Amino acid sequence: MKRLLVAALLLFTCSLSAQSIKVRGVISDTLNQPLEFANVIATVQADGAIESYAITNEEGRYQLDLPKGDTYVLKASFLGYETRNRVVSVSEDAENMQLDFQLRAIASELDGVEIVYEMPVTVKGDTIVYNADSFTTGDERKLGDVMKKLPGVEVNDDGEIQVEGKTVSKVMVEGKDFFDGDSKLATKNIPADAVDKVEVLRNYNEVDQMRGLGNDQDNVAINIKLKEGKKNFWFGEVTAGAGIASEEAKYLVHPKLFYYSPEYSLNFITDFNDIGEVPFTFRDYFNFTGGFRNFNRGGGTNFNISESDLGFAVAQNNRANKIETGFLAGNFSWRANPTLDLSGFAILSDNKTNIVNNSIRQYIASGSTETTTSVNDQRNQLAMMKLSGVYKPNTDFQLDYDALVKTSKQTEDDTTLSQFDNSTNNIEEQKENKPFSINQNMNVYYTLDEKNIFAGQVQHLWQDEDPFYNAVTDLLPFAGILPVDTTANRYNINQAKNIKTNKLDAKVDYFYVLNNTSNLNFTLGATYSNQQFDSGIFQLLNDGSRIDFNRTPEIGGASFPLNNMVDYTFTDTFLGLHYKVKTGEFIFTPGLSLHNYNLKNEQLGLTSTQNDWTLLPDFNAIWNIKKSESLRFNYSISAEYTDVVNYAEAFVFNNYNRMFRGNRNLENALSHQYNLTYFSFNLFNYTNISASLNYSKRINGFKNITDIAAINQVSSIFNMDSNFPDETFTAFGRFSKRVKKLQFALNANATLARSNNLVNDEITESESLTQSYQASVRSSFREWPNFEVGYRLSVNDYDNGGLEQTFYTQRPYANVDINFLKHFSLHAEWDYYNYSNELNTVDNTYSFFNSTLYFQQGESPWEFSVQATNILDTEFINNDSFNDQFNTTSQYFVLPRIVMLVVKYDL
């Protein structure tokens with residue numbers, strides 16, 4: 001089947017080639033110097049339609065593919081030069097031809113600017129401008145559909161935009177932030193027909209004074225330019241639908257409204273449905289930065305405040321047995337006056353999820369196998385609001401302020417049947433957490449003169465969490481650790497926790513510009529964090545009375561606490577120096593940072609302190625091989641410190657069969673990071689290549705001492721001896737090439753991870769090798785049906801203390817868009833999964849087939865569609881996971897077949 005598919009694609013490509021010729025040539029100035037990034041566009045003489053385009057390489061060369069049997073106008077242009085036109089007739093028996101252009105410089109660049117907006121792609125320094133209409137075929141419905149068709153741009157499965165392998169964190173529309181900090185909301189909500197141009201801003205820095213001083217190679221932003229009819233007018237769409245699934249009624253309501261003008265913008269997005277379309281997940285909430293910068297980026301310290309670990313169930317690929325969603329979001333920006341810009345957003349989300357799964361878990365140390373059947377009813381009520389202001393009275397001064405407020409309420413009721421070692425345990429769990437946080441950030445930038453530039457940043461976080469856990473079990477939980485009243489017919493165990501965090505970061509950067517190619521950067525800063533951690537475990541008896549647990553019975557002659565009351569303070573004072581120099585095609589940035597770390601934790605009537613001085617180097621090198629080709633190398637050592645959770649010595653529950661206690665004497669870990677990245681964006685032959693190699697070595701890392709009895713795990717944390725480091729190797733590569741109307745792509749990703757842990761008093765080395773490969777081809781025809789076909793293969797190889805397992809997932813897929821009978825269009829997508837292991841003890845096959853039939857008459861604002869998801873009525877999906885203690889294979893039940901009638905009205 002695979003060979004037949006490849007042969008068909010090759011035959012199809014060859015047939016296209018036989019019907020066209022190649023026009024090649026060189027574009028130069030009047031001194032015969034080649035012009036790189038000059039534009040050549042070929043239009044059909046009869047109707048002016050764009051047939052082909054090209055951009056010259058560093059030698060000024062271009063090439064075009066022109067179908068036979070027509071006459072074309074070739075227009076060569078370059079910013080600041082006169083435009084030259086040539087008429088070319090391509091007969092049925094024409095052969096490849098050579099056609100050179102010589103352009104003459106002009107005094108005004110006005111004509112050149114006009115030409116820029118005609119070209120499908122224009123490169124201007126670090127900015128790539130795409131003309132959306134040159135790549136779209138009329139099948140696109142959202143911004144994400146447009147982005148997928150742009151050379152060098154990807155949209156991953158989560159809806160995030162990626163350029164050069166880097167995730168875009170800022171999306172702007174007409175230069176105004178669109179829900180700052182996330183690209184998913186833009187790709188899934190901005191209408192495709194509103195997009196005129198897409199500007200990819202590489203090496204992005206939103207502060208003019210700071211551009212070129214640091215290393216911004218990982219910063220990529222997107223700016224969407226709207227079509228003229230969408231400016232200074234309200235536009236949007238209202239979508240509503242109703243349907244049925246397994247004799248149960250289903251609904252969809254999805255209005256959205258946008259307004260953009262030079263002075264202000266307004267965006268409103270809503271989504272209410274129970275068909276499994278989740279616009280904003282629990283994971284999105286915690287990953288949503290709101291555009292906040294990473295304070296410790298390049299600073300040598302890795303200190304993060306962790307979120308509560310209650311083990312909330314997570315839907316697999318946003319699929320679950322039942323999902324009901326409510327979502328409201330608003331975004332605004334306002335140019336209050338020429339010196340002040342205000343912006344902000346608010347997001348409200350309410351997701352109800354029912355997750356049903358069956359799992360088989362193999363415990364390495366004990367040899368036990370646990371099978372579970374669980375039903376989880378989960379509700380996530382999430383809210384966040386951000387306000388931002390930028391004050392810029394002149395080009396030498398800028399003040400930014402941001403405030404991000406996040407609050408949520410997560411609840412989960414679980415029912416689990418656990419079977420292991422001839423034992424059966426019925427478990428009922430209740431989990432609840434209501435975290436609240438306020439994150440504030442202020443940045444000041446001041447240019448004293450052309451050689452002296454200052455930047456200051458202050459960031460403050462206040463966070464309060466109160467996770468509550470309850471488990472009711474048939475079997476006695478953690479005998480010997482919990483002093484449980486055994487007279488109860490079932491055991492009702494509860495745990496209350498509260499964690500308050502007050503964290504302040506501040507630093508000042510001084511840049512001294514030595515000359516046009518080098519500068520010095522001095523940094524002085526500090527981090528202060530204070531956390532208070534309280535927890536307690538208690539049992540509720542049948543008569544409603546309560547037993548509070550204070551200490552464990554004696555274990556090995558010692559008794560351990562079961563209540564936490566910890567006050568933990570971490571400070572980091574640091575001084576950094578970096579030197580950036582450009583020589584020829586190379587840029588080097590070596591640096592050092594000197595840190596003084598102070599730790600203090602008070603618990604159980606004792607106080608522990610630490611004081612460390614550490615010198616941490618880092619190095620960055622960039623080889624700009626060409627304007628669109630580069631090789632980068634990064635090396636850094638970071639000191640890793642943990643937060644209060646790992647210092648609290650009293651036992652805490654993670655779930656019904658896992659308990660954990662911290663270690664007041666933890667020291668820091670050191671992490672060595674190496675990264676080599678290559679990127680080539682070649683518009684001459686429509687080829688894009690990106691690749692990276694990463695290696696990390698963690699010394700003195702935070703590791704778990706785990707005792708496993710049957711399925712019960714009791715863990716504590718310690719620093720692993722430096723003779724047993726954790727190592728991770730990662731390799732990534734992507735190749736894409738456009739051949740006429742076909743886009744070919746190859747992806748490969750492999751990660752080898754080695755780690756060491758202490759399980760039942762023995763050091764065990766675990767190794768995992770995960771590999772994923774993808775090959776695809778996508779068409780972009782205007783008159784013919786469009787398709788995408790591909791094949792994904794993932795191989796997960798686990799070796800855990802001698803227990804070796806290999807899992808394979810083979811996933812061919814196909815999508816098709818067909819326009820027919822003038823007003824009808826059909827979109828269909830098919831995903832096939834074959835999930836197996838090396839021993840052939842697991843071999844599951846399932847697939848998902850979705851399709852939508854659209855009807856829209858001409859330019860009518862009304863669109864009607866019949867939407868069917870999971871047409872094959874697949875019941876479940878499979879997944880495998882691995883860690884140092886166990887391997888897990890799971891089966892997740894998903895929504896059944898759903899058929900909807902949907903009506904959309906364009907505003």
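Which residue takes a positive phi in the hairpin of strand 9 and strand 10? In this predicted model, the residue is Gly 125, whose phi lies near 65°. The hairpin has two residues between its strands. Strand 9 covers residues 121-124 and strand 10 covers residues 127-131; the two run antiparallel and are joined by four bridges. Within this pairing, Val 123 stands opposite Ile 128 of strand 10.

The hairpin belongs to a protein chain with five helices and 53 strands. The overall dimensions of the chain can be set against a simple expectation. For 907 residues, a compact globule would have a radius of gyration near 29 Å, and the protein chain, with 30 Å, agrees with that value. Along its principal axes, the C-alpha trace spans about 95 × 70 × 55 Å. Of the 907 residues, 51% count as buried. Among contacts with a separation of 6 or more, 65% are made by residues 24 or more positions apart. The chain exposes about 40500 Å², and carbon and sulfur atoms supply 53% of this area.

An open sheet of four strands may be considered next. Its strand order is 3-2-5-6, and the pairing is antiparallel. Strand 3 (50-55) and strand 6 (84-90) stand at the edges; each has a single partner strand, and therefore one side of each is left without a neighbour in the sheet. On average, neighbouring strands of this sheet are turned by 20° against each other, direction ignored. As a general matter, strands of a sheet pair through backbone hydrogen bonds, either parallel or antiparallel. Here, strand 5, residues 70-77, pairs with strand 6 in the antiparallel sense over seven bridges. Ala 76 stands opposite Arg 84 in strand 6.

Three individual residues, each in a strand, lead further along the chain. Ile 587 is placed in strand 34, which comprises residues 586-603. Its relative accessible area is 11%, under the limit of 20%, so Ile 587 counts as buried. Residues up to four places away in sequence aside, Ile 587 touches Lys 580, Val 581 and Lys 582, together with Asn 620, Ala 621, Ile 622 and Asn 624. Met 565 is 22 residues from Ile 587 along the chain, and the C-alpha atoms of the two are separated by 51 Å.

Ser 715 lies in strand 42, residues 712-719. With a relative accessible area of 11%, Ser 715 is buried. Its side chain is joined to that of Thr 706 by a polar contact of 3.0 Å. Apart from neighbours within four places in sequence, the contacts of Ser 715 are Met 659, Phe 660 and Arg 661, as well as Asn 704, Ile 705 and Thr 706.

Asp 726 is found in strand 43, which runs over residues 726-739. Is this residue buried or exposed? Asp 726 counts as buried, at 12% relative accessibility. A polar contact of 2.5 Å joins the side chain of Asp 726 to that of Lys 703. Lys 703 also appears among the residues in contact with Asp 726 when neighbours within four places in sequence are left aside; the others are Ser 696, Lys 697, Arg 698, Arg 754, Ser 755 and Asn 756.

Methods:
Residues are numbered from 1 along each chain as its sequence is written. This is a predicted model: local features need pLDDT of at least 70, side-chain atom pairs count only at pLDDT 80 or more; totals for chains, interfaces and linings use all residues. Side-chain values use heavy atoms; hydrogens and water are left out. Two strands pair if DSSP finds at least two bridges between them. Axes are lines fitted to C-alpha atoms, for helices over the stretch in contact, and angles run from 0 to 180 degrees between N-to-C directions. Buried means under 20% relative accessible area, exposed over 50%, partly exposed in between (1.4 Å probe, protein chains only). Contact means heavy atoms within 4.5 Å. A polar contact is a pair of N or O atoms within 3.5 Å; within protein, one must be able to donate a hydrogen and the other to accept it, and residues adjacent in sequence count only if both atoms are side-chain atoms. The radius of gyration is taken over C-alpha atoms; the globule rule is 2.2 Å times the number of residues to the power 0.38. Accessible areas come from the Shrake-Rupley method with a 1.4 Å probe; for residues, only the protein chains shown count as cover.
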